[in-house]
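Here are some short exercises to work through with the model open beside you. Try each task before you read its solution.

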Amino acid sequence: MLLSALLTGLVLGGTYALIAMGLTLQYGVARIMNLAYGDFMIAAAFGAFVLFTSLGINPLLGMIAVIPAGFALSYAIYGVMLQPLARRAKHSGRLEVDSILATFGLLFVIQGVALVIFGANFVSYSYLAIPINILGTTLAANRVLALVLALALGAGLYYALTHTRWGTAIRAVAVSPQAAPLVGIDVDRVSRFAFALGGALAASGGVVVSMYLTFSATAGVVFTMKALVVVIMGGVGNLLGALAAGLILGIVETLVATYIDTGLTLAATYLIFLAILVFRPSGLFGRRPS
Amino acid sequence: MLEVTNLSLHYAQHLALEKVHLSLNQGETVVVLGANGAGKSSMLNVLAGRIAPDKGTEVSFLGSRLVGRKPHEFPEMGIALVPEGRGIFGDLTVAENLSLGAYVKHARAGEAERLGMVYELFPRLAERRSQIARTMSGGEQQMIAIGRALMSQPKLLMLDEPSLGLAPVLVLELFNALEKIKRTGVSLLLVEQNVKVSLNIADRGYLLEGGRVVGVNTAEALKQDPAVQQAFLGLPGAKSILPANDF
Ligand SMILES: Nc1ncnc2c1ncn2[C@@H]1O[C@H](COP(=O)(O)OP(=O)(O)OP(=O)(O)O)[C@@H](O)[C@H]1O
Ligand SMILES: [Mg+2]
């Protein structure tokens with residue numbers, strides 16, 4: 001039972017890590033605190049759901065459509081709604097407040113549209129629901145696939161951000177938006193790109209979630225909060241931190257649900273969150289603020 | 001190659017620069033001398049596009065107008081600034097900082113050779129290439145900033161008080177490096193309070209006081225000028241032998 005709980009937790013944690021990476025890109029680079037992040041995920045989950053149930057397109061193929069759509073939509077939203085705020089903001093604190101207000105509105109728009117189309121019920125679909133034997137316990141194949149996808153996407157992103165010049169430029173904007181223009185980096189453009197990339201990750205997270213969890217039009221806010229908790233646990237802008245924190249959170253939640261009570265998972269999440277905020281405000285792996 | 005006319009700048013009500021005229025020829029090294037608050041940093045920040053000057057200001061570089069351009073366009077045009085406080089990416093490694101120096105398109109070709117040149121100029125950077133920049137010493141961070149600027153293959157390199165906070169030995173080392181950079185044909189616009197060393201490397205100098213140019217002359221003449229001595233060495237009563245302002 002312990003092994004089975006650990007494996008389930010690892011799957012959940014992989015998803016958390018993936019979506020936290022997207023949020024940390026949007027927040028760390030574009031300085032946008034996106035409260036509609038989870039709703040974006042859910043929209044993508046519905047996208048995969050529709051593709052699978054009405055067109056018979058499996059979610060792996062569905063990703064090929066849903067991820068670019070997430071990128072394009074985020075790119076457009078940034079240009080229309082957030083760029084004006086970013087241009088006007090004299091300092092990043094101002095942009096944070098403005099972006100929270102703007103994306104809070106966006107949350108209800110996305111949720112409202114999803115409610116109109118899909119109603120308030122939980123939905124799910126059955127894809128690759130075949131048990132796979134791992135070290136004596138079984139795990140559904142869709143969960144194994146979810147974990148593999150999350151880790152592959154996360155690793156790919158990490159590699160691109162650390163081993164390519166444009167990835168380094170994205171991190172440079174996160175580190176010092178004031179200094180970035182000194183080397184010819186267009187901060188506006190990079191911010192927009194990073195926000196869109198974050199949207200693509202949210203979309204991929206949504207597809208991954210749809211493969212093994214039930215979800216509903218109003219489930220987004222939980223994912224926003226979880227992603228936020230993981231980002232803060234890992235340290236804002238710290239991708240490896242997000243990966244580790246995501247895995248830890250997934251495992252802790254599953255252990256609490258298995259051995260104590262399912263109702264206490266959220267409480268456990270926030271206990272960890274509080275402890276980090278109080279004792280390690282710059283994250284598990286972050287350096288102390290200078 | 002650089003022609004500045006009527007450069008004025010207000011911070012709200014405060015007049016920081018008033019009708020500054022400045023020119024710099026290809027391959028020339030020009031130093032701007034001035035006390036604290038004279039407006040030296042403000043001037044370089046305008047020339048690098050980081051602050052918008054007042055209306056009426058004209059700046060041209062190799063025939064194109066600079067006023068109104070976005071700051072990220074300046075490195076693309078061949079203008080690199082090493083700002084006050086260095087402006088390096090503290091959380092990135094030395095090598096990443098240098099690699100970002102070659103972010104502009106025209107600097108991609110020949111990047112490897114230039115990196116070799118920077119490492120030759122500052123061997124310390126070669127030894128520490130994978131160290132996080134903010135954990136380097138002040139002098140080493142200055143080397144990163146200059147090295148990063150060189151990676152963009154600048155035609156004009158502007159440096160804002162590069163010797164600030166460095167030990168005398170390091171200042172000499174730094175100016176030796178600048179001398180070598182100068183010999184590669186890069187034009188230098190240098191802002192300094194360290195009069196002696198900077199006049200040794202410069203061809204010409206401007207004196208800036210209260211936001212106005214109060215003198216301009218060859219470096220040789222400035223070394224002898226009592227006004228320079230008065231302003232920077234605290235000698236009383238000396239009167240400038242220089243023509244004032246309208247240059
Ligand atoms: N952002 C700003 N807002 C308001 N006033 C400013 C600002 N930056 C500079 N100033 C003022 O403009 C004047 C010129 O400042 P500047 O930094 O250009 O001087 P400086 O010659 O570089 O001095 P230092 O040698 O101390 O670096 C000063 O009086 C300063 O107080
Ligand atoms: Mg200054």
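**Exercise 1: Contacts of ligand 1**

In this predicted model, Ser41(B) places a polar side-chain atom 2.7 Å from an oxygen atom of ligand 1.

Task: Find which other side chains make polar contacts with ligand 1, then work out how much of the ligand the protein buries.

Solution. Begin with Lys40(B): one of its polar side-chain atoms is 2.6 Å from a ligand oxygen atom. Next, turn to Tyr11(B), where an N or O atom of the side chain sits 3.4 Å from a nitrogen atom of ligand 1. Finally, consider the area: ligand 1 by itself exposes 630 Å², and the protein buries 61% of this.

**Exercise 2: The shell**

Task: Determine which element gives the largest share of the shell around ligand 1, and how the shell residues divide by type.

Solution. Start with the 14 residues around the ligand, of which Gly37(B), Lys40(B), Ser41(B), Ser42(B) and Glu84(B) come nearest. Helix H1(B) gives the largest share, with three residues. Sorting the shell by type yields four nonpolar, seven polar and three charged residues.

**Exercise 3: The magnesium ion**

Task: Name the protein donors of ligand 2, place them along the chain, and decide whether each is buried or partly exposed.

Solution. The donors are Ser41(B), through OG, and Glu84(B), through OE, at 1.9 to 2.5 Å from the magnesium ion. Ser41(B) belongs to helix H1 of chain B, while Glu84(B) lies in the loop between strand S6 (79-82) and helix H3 (94-101), 43 residues apart. Ser41(B) counts as buried because its relative accessibility is 16%, under the 20% cut-off. Glu84(B), at 44%, is partly exposed.

Note on methods: Residues numbered from 1 in each chain as written. Chains lettered and ligands numbered in written order. Predicted model: local features only at pLDDT ≥ 70, side-chain atom pairs only at ≥ 80, totals over all residues. Heavy atoms only, no water. Near = heavy atom within 4 Å. Polar contact = N/O pair within 3.5 Å; in protein donor to acceptor, adjacent residues only side chain to side chain. Areas by Shrake-Rupley, 256 points an atom, 1.4 Å probe, with all protein chains shown as cover. Helix = DSSP H or I, 4+ residues; strand = E, 2+ residues; numbered from the N terminus. Nonpolar A, V, L, I, M, F, W, Y, C, P; charged D, E, K, R; others polar. Donors = N, O, S within 2.8 Å, 3.2 Å for Na, K, Ca; no water. Buried < 20%, exposed > 50% of the residue type's maximum accessible area, 1.4 Å probe, protein only.
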